[in-house]
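Dear colleague,

I am handing over the structure we spoke about. Please look it over before you read my notes on it.

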Protein chains: 2
Amino acid sequence: MSVRERKERERAHRHRLIVSTARELAETHGWDAVTTRRLAEQIEYSQPVLYSHFRGKKEIVGAIALEGFAELTTALRAAAPEGPAGREAVAALARAYIDFAARNPALYDAMFSLDNGLPFADEATPAPLREAFQALVDPLVDHAHPDEPGLFVETFWAALHGLVTLTRAGRLPADRAPDRLTLLVDRFVPR
Amino acid sequence: MSVRERKERERAHRHRLIVSTARELAETHGWDAVTTRRLAEQIEYSQPVLYSHFRGKKEIVGAIALEGFAELTTALRAAAPEGPAGREAVAALARAYIDFAARNPALYDAMFSLDNGLPFADEATPAPLREAFQALVDPLVDHAHPDEPGLFVETFWAALHGLVTLTRAGRLPADRAPDRLTLLVDRFVPR
DNA sequence: ACTCGATGCTAGCACCGCTAGACAAAGGAG
DNA sequence: CTCCTTTGTCTAGCGGTGCTAGCATCGAGT
């Protein structure tokens, strides 16, 4: 049975290779450059091989998005370690979110802008998505109305997401982004 | 010279026909269904005719987006007529924004999600865009820090935009959207 | 050593945005 | 009224996209 194990190992390796290559291609040349042909050429296999690992391009984006949620969770937890979270901790959390989006624009798009086929706000939501949301909830829960912590976090998150997308699309002047973040935190967590 | 005038009139008419047909196609079947082939067939001309009116598909999206900004201005002005704007007026303004996006999803995408080639936050920004932003500024200016009214409006707008996109993409549960809006207004305009 | 199933390939489908070049219709000049 | 030029539209096609049918090859198990 060792042969089958080796094949499965190789297959898993190629699976990861596809995801990481697609992600790198997206991050360096934009999502437009991520075509099945280019991706196949980069991994040195033919196009149909991709379809033996993924149902289609959308599923590749979904796999990358999943990586993104795990990394976002790490970034948020690092910014706001456990314990009571004062205003400064919330500001750090918000900054971590914005920075994550700025540092990984293509990844952020895979998570929130592109069609990645992942189910949201629904019982089938994958664990990494729930964890990322939870990483946002924990430091914020003290500042929310006790009856509706979810509502508070959802709204704060939406505001952060709006800042990210509008700033990156050039809809808002980039130089004042930090000021907008401060203003937002002040409104949600009054001094 | 009457002949030339007639031709120009016909040309302008066809120009509007292209824009309205593309918009209707997008609103009824989604932007994916708006291809140059389908659009050409709908207006009963061949594809190259489109390129005698617009530099490319992006410019058609841009024309539709421009319509959208004009209509958004109208909707916002209707929701918050002139005069001092209390908390209720801000809530009405926010509701008008959200409702506009909900009623015209494809239009909203043309304005903010798709690549429409329009310049933002820059001296070349077309008038309708400035006016739409101004329609947001006027009722809000009393609630902002006097030094930085723009910053306040930008942040509030970003929050609204975030709510719109995340809710419509199914990232946030739709049934609690009104509650999130109330929460947002409460945070930005304390009772 | 041979069979046969797994696996990856070539080739091709239907579609995309966009354009070159042929062609017809229509206006002005003689 | 005829000819010529200009203007406008169409057909056909280019290079690209995501995706797949069907063949060929290779290697594992008997």
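Below is what was found, beginning with the DNA and ending with the protein interface.

Please keep in mind throughout that this is a predicted model.

DNA strand C

The protein surface near DNA strand C is made up of 17 residues, and the closest are A:S46, B:T35, B:T36, B:Q47 and B:K57. Of the strand C atoms that come within 4 Å of the protein, sugar and phosphate account for 53%. Three elements each supply at least two residues of this surface: α3 (47-53) of chain A, and α2 (36-42) and α3 (47-53) of chain B. By residue class, the surface near strand C divides into seven nonpolar, five polar and five charged.

Some individual contacts can be named. B:Q47 reaches a base: a polar atom of its side chain lies 2.8 Å from a base nitrogen of DNA strand C. B:Y51 has a polar side-chain atom 2.9 Å from a phosphate oxygen of DNA strand C. In the case of B:K57, a backbone N or O atom lies 2.8 Å from a phosphate oxygen of the strand.

DNA strand D

DNA strand D is also surrounded by 17 residues, and here the closest are A:T35, A:T36, A:Q47, A:K57 and B:S46. Sugar and phosphate make up 52% of the strand D atoms that come within 4 Å of the protein.

Three contacts to phosphate oxygens of strand D come from chain A residues. A polar side-chain atom of A:Y51 lies 2.8 Å from a phosphate oxygen of DNA strand D. For A:R38, an N or O atom in the side chain is 3.4 Å from a phosphate oxygen of the strand. A:V34 uses its backbone, with an N or O atom 3.5 Å from a phosphate oxygen of DNA strand D. The elements that give two or more residues to the surface near strand D are α2 (36-42) and α3 of chain A, together with α3 of chain B. The residues of this surface divide into seven nonpolar, five polar and five charged.

Annotation of chain A

An unreviewed UniProt entry places a "DNA-binding region" at residues 35-54 of chain A. In the model, that stretch is 70% helix and 0% strand, and its end C-alpha atoms are 14 Å apart. UniProt, again in an unreviewed entry, places the feature "domain: HTH tetR-type" at residues 12-72 of chain A. Residues 12-72 are 79% helix and 0% strand, with the end C-alpha atoms 24 Å apart.

The interface of chain B and chain A

At the protein interface, 32 residues of chain B are in contact with 32 residues of chain A. The two chains bury about 2,900 Å² between them, 65% of it on carbon and sulfur atoms. B:L151, B:R171 and B:R187 supply 25% of the area that chain B buries against chain A, more than any other three residues.

Six salt bridges were found across the interface. One of the salt bridges across it joins the side chains of B:E148 and A:R176, at 3.6 Å from N to O. There are also eight residue pairs in polar contact across the interface, both residues at pLDDT 80 or more. On the side of chain B that touches chain A, α6 (105-112), α8 (149-168) and α9 (177-188) each supply at least two residues. α8(B) gives the most to that side, with 12 residues. The residues there divide into 18 nonpolar, seven polar and seven charged.

Regards

Conventions. Residues are numbered from 1 along each chain as its sequence is written. Chains are lettered from A and ligands numbered from 1 in the order in which they are written. Side-chain values use heavy atoms; hydrogens and water are left out. A residue is near a molecule or strand if one of its heavy atoms lies within 4 Å of it. A polar contact is a pair of N or O atoms within 3.5 Å; within protein, one must be able to donate a hydrogen and the other to accept it, and residues adjacent in sequence count only if both atoms are side-chain atoms. Helices (H or I, at least four residues) and strands (E, at least two) are DSSP runs, numbered from the N terminus. Ala, Val, Leu, Ile, Met, Phe, Trp, Tyr, Cys and Pro count as nonpolar, Asp, Glu, Lys and Arg as charged, and the others, Gly among them, as polar. Contact means heavy atoms within 4.5 Å. Buried area is the accessible area (1.4 Å probe) that two parts lose on being put together, summed over both. A salt bridge is a side-chain nitrogen of Lys or Arg within 4 Å of a carboxyl oxygen of Asp or Glu. UniProt positions are given in the numbering used here, feature names are shortened, and annotations may be inferred rather than shown by experiment.
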